[in-house]
Amino acid sequence: MLIRPETPADYPAVYAFVQTAFETAKVSNGQEQEFVNTLRQSPRYLPELALVGEDSGRLEAYIMLTRLLLAKPHKVNGLLLAPLAVEEKSRRHGLGAQIVRAALQKAKRQGYHAVCLVGDPAYYGRFGFTRLDSLGAACNRQIPAAYALGLEFTPGVLSGAEIDFLG
């Protein structure tokens, strides 16, 4: 699978891909594709960290990392991972893990301190994500603590942070 940053020419295909991928996801609000568009139009968007995974020009996976919003000032230069989408027939073949690892490596190389997300701890734990509350951070939304996760590249950087996942 070739992993590369998305381009504006990819936007329509990514929209349809994310929509279709989340139709068969374990958890979905049915609006993930709209969330992608909203993030792209915000100052949080980082085109170099919105990655497509393709094989012979066919989209198989997508991940987006954007600037993390904090509910109050804090020292962390962090990112939000949302969404991660893998086509249904390609799931359980390591493509999701491959694109997550590529995105995290790129974020770390670019000097970001941490990545946060709302997701399945069993899945994201393999990449080093752990509960935000275990890192001394909090979420200012009604998200169950078990699903509010963080990964620190700089140990201790999330301590005291209040993350705003939906802002």
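Which residues in α3 are buried? Keep that one in mind while we walk through the fold, and remember that what you're looking at is a predicted model.

Let's start with the parts list. The protein has nine strands and four helices. If you follow the chain from its beginning, they turn up in the order β-α-α-β-β-β-α-β-α-β-β-β-β. So much for the order; what about contacts across the chain? Take the contacts between residues at least 6 apart in sequence: 67% of them join residues at least 24 apart.

Now for the overall size. The C-alpha trace spans about 45 × 30 × 25 Å along its principal axes. A compact globule of 167 residues would have a radius of gyration near 15 Å, and because the protein has 15 Å, the two agree.

What about inside and outside? Buried residues account for 45% of the 167 residues. On the outside, the protein exposes about 8200 Å², with carbon and sulfur atoms supplying 53% of that area. As for charge, there are 18 positive and 16 negative charges, and their mean positions lie 6 Å apart.

Time to zoom in on helix α3, residues 95-109. At 1.5 Å a residue, its 15 residues should span 21 Å, and the end C-alpha atoms are indeed 21 Å apart, so expectation and model agree. Back to the opening puzzle: the buried residues of α3 are Leu95, Gly96, Ala97, Ile99, Val100, Ala103, Leu104, Lys106 and Ala107. Notice that a lysine, Lys106, is on that list. After α3 comes Gly111, which has a positive phi, near 90 degrees.

How values were computed
Residues are numbered from 1 along each chain as its sequence is written. This is a predicted model: local features need pLDDT of at least 70, side-chain atom pairs count only at pLDDT 80 or more; totals for chains, interfaces and linings use all residues. Side-chain values use heavy atoms; hydrogens and water are left out. Helices (H or I, at least four residues) and strands (E, at least two) are DSSP runs, numbered from the N terminus. The radius of gyration is taken over C-alpha atoms; the globule rule is 2.2 Å times the number of residues to the power 0.38. Buried means under 20% relative accessible area, exposed over 50%, partly exposed in between (1.4 Å probe, protein chains only). Contact means heavy atoms within 4.5 Å. Accessible areas come from the Shrake-Rupley method with a 1.4 Å probe; for residues, only the protein chains shown count as cover. Lys and Arg count as positive and Asp and Glu as negative; His and the chain ends are not counted. The place of a charge is taken as NZ of Lys, CZ of Arg, CG of Asp or CD of Glu. The expected span of a helix is 1.5 Å times one less than its number of residues.
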